[in-house]
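Reader: I've got the viewer open and some time to look around. Could you walk me through this one, question by question?

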Amino acid sequence: MSSLALDIRSLSVVVTAVSAMASVIMILIWKTRKTYAGFGFWTTGNAASAMGFLLFALRGFIPDLLTIVLANCLVLLTAALYLEGMRRFRGVAGCKILGIVSIIFLALSISYYTYGDNDAGMRIVVLSLLVALFYALGARELLGNTPPDLRFSYRFTGSLFAAYGLFMVSRAFLTALDPGPHNLYDPNLIQTFTFLTPLLLGIAWTFGFVMLNSERLELDLKNAQVELQRLATTDSLTGICNNRCFFENGEREIQRARRYERPLSVLMFDIDHFKRINDTYGHAAGDQVLVAITAACRTLLRDIDIFGRLGGEEFAILLPETDLAGGKATAERLRSAITGTRIETGGATPHVTISVGVSVLLPDDDSIEQVLKRADDAMYGAKRSGRNRTMIAAAKQK
């Protein structure tokens, strides 16, 4: 089996080169692309890994303080930076204290087992267990409570961390079972895998870091597009359809109703004496009235109904699958509910009523504007008749 072992110093040089290259690539991404909290820690972790393995490769050429104590501390620093990056990326509190305490403990332990009791086996056990702890914590961060939209990248990277943590525990266990002397450059399978595993997994989890960032960016772009669409079609004050949204949906409903010969009613209403409310109580109070009326209406409307604010205090409602009698009944329910709604506006309680016009889709209507115009005329007829009432649109003249 020893024939399968590779030259450790050469492997250390290769790991150094790959880690350095990964760090450079991540620095370029960090500086030229949008990255999220944590990405900088992962980048720095790759740089620390490159420096640590470079020092391992220089064992015998420069002082042991650098190639043993500092090199091992850099390996643990890499794991600590990865974990800190995971936590920052997930938006949870960092754990710098754990990293600092662990590195100080490792430095003291490695120093003791180098200059006091020269025991390479104990150095391997202590380092392996501490590194395993950080990779296990990193795996837990990614594999626990995985966001549904980022599930693949989280599980991919988390599984790599779990695998490496398991390997380091196994390394500590196998080393503890072997009481013989240990040398960094012993050509055995354990040492070969000790350097080969971070080489292969390091490439994979660097890809995982980039994938985590890219998928988060893609998700944020999708969410931004959804939000832009919402802002483009939603009235910012009341949260219902704005003018554009109402007419777009209205045209679709008109076409559907005509195609399947289904009834469709349209209501138009505005707030009686709204200018007086603004002048008496202020525009902030007027906004409160609009929001309260919208809320009162939404509780009485169906999910399929289309409710929009056309501008100012003017609202319109499309009622699919509703004939003229149903439209009038809905209009009366809305009018009664609003009349009975108490709206507190900074200590005052203005009396609010609405005037409603009702029309229905006729066979020769080919646009929402035609149906809406008749409802609008009926609404103004209700105002002329004394307000706080519902009026049915007059039949079209032949």
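**A walk through the sheet and its surroundings**

Author: Let's start with strand S3, which is mostly covered, with six of its seven residues buried. Keep in mind that this is a predicted model.

Reader: Fine. In what order do the five strands of the open sheet sit?
Author: The pairings let you build it up. S3 pairs with S1 in the antiparallel sense over seven bridges, and S2 pairs with S3, also antiparallel, over five bridges. On the other side, S1 and S4 are antiparallel over seven bridges, while S4 and S5 run parallel and are joined by three. The pairing is therefore mixed by the definition of paired strands, and the order reads S2-S3-S1-S4-S5.

Reader: And which are the edge strands?
Author: Look for strands that pair on one side only. Those are strand S2 (306–311) and strand S5 (390–392).

Reader: By how many degrees are neighbouring strands turned against each other on average?
Author: This is the average over neighbouring strands of the sheet, with direction ignored. The value is 20 degrees.

Reader: I'd like to check the register. Which residue is the bridge partner of Leu267 in S4?
Author: Strand S1 covers residues 264–271 and S4 covers 354–360. Another pair between them is Phe269 opposite Val356. For Leu267, the partner in S4 is Val358.

Reader: Which residue in S5 does Val358 stand opposite?
Author: S4 and S5 are the parallel pair, with three bridges. Across from Val358 in S5 you'll find Ile392.

Reader: Why is S4 described as largely enclosed by the rest of the structure?
Author: Check both sides of the strand. Ile354, Val356, Val358 and Val360 point one way, Ser355, Gly357 and Ser359 point the other way, and all are buried. That split fits the general pattern, since side chains in a regular strand alternate between the two faces of the sheet. S4 is largely enclosed because its buried residues number seven of the seven.

Reader: Which helix lies across S1, S3, S4 and S5?
Author: The helix you want spans residues 324–339 and runs at about 170 degrees to S4. It's H11.

Reader: Back at the S2 end, which residue in the hairpin turn has a positive phi?
Author: S2 and S3 form the hairpin, with two residues between them. Within the paired strands, Ile306 stands opposite Leu318. In the turn, the residue with a phi of about 55 degrees is Gly312.

Reader: Is Leu290 buried or exposed?
Author: Leu290 sits in helix H10 (residues 283–298). Leaving aside neighbours within four places in sequence, its contacts include Ile271, Phe274, Arg309, Gly312 and Phe315. Its relative accessible area is 1%, and the cut-off for this class is under 20%, so Leu290 is buried.

Reader: Now charges. Which residue forms a salt bridge with Asp235?
Author: The pair links distant parts of the chain, 74 residues apart: Asp235 is in the loop between helix H7 (189–233) and helix H8 (243–260), and the partner is in strand S2. Both residues are buried. With the closest N and O atoms 3.3 Å apart, the partner is Arg309.

Reader: What about Asp272, which residue is its salt-bridge partner?
Author: This pair also links distant parts of the chain: Asp272 is in the loop between S1 and helix H9 (274–281), and its partner lies in helix H12 (residues 368–384), 111 residues apart. Asp272 is buried at 3% relative accessible area, and the partner is buried at 13%. The closest N and O atoms are 3.2 Å apart, and the partner is Lys383.

Reader: How many salt bridges does a search of the whole structure find?
Author: Besides the two above, Glu248 bridges to Arg244, four residues away in helix H8. There's also a network linking Glu253, Arg256, Arg262 and Glu321. For the whole structure, the search finds 16.

Reader: Last one: what is the accessible area of the nonpolar patch on the surface?
Author: The patch is formed by Ile97, Ile100, Val101, Ile104 and Leu108. Of these, Ile100 lies in helix H4 (residues 96–116) and is partly exposed at 48% relative accessibility. Together, the patch residues have about 520 Å².

How values were computed. Residues are numbered from 1 along each chain as its sequence is written. This is a predicted model: local features need pLDDT of at least 70, side-chain atom pairs count only at pLDDT 80 or more; totals for chains, interfaces and linings use all residues. Side-chain values use heavy atoms; hydrogens and water are left out. Axes are lines fitted to C-alpha atoms, for helices over the stretch in contact, and angles run from 0 to 180 degrees between N-to-C directions. Contact means heavy atoms within 4.5 Å. Patches are made of residues with over 30% relative accessible area and no salt bridge: like charges are joined within 9 Å, nonpolar side chains (Val, Leu, Ile, Met, Phe, Trp, Tyr) within 5 Å. Accessible areas come from the Shrake-Rupley method with a 1.4 Å probe; for residues, only the protein chains shown count as cover. A salt bridge is a side-chain nitrogen of Lys or Arg within 4 Å of a carboxyl oxygen of Asp or Glu. Buried means under 20% relative accessible area, exposed over 50%, partly exposed in between (1.4 Å probe, protein chains only).
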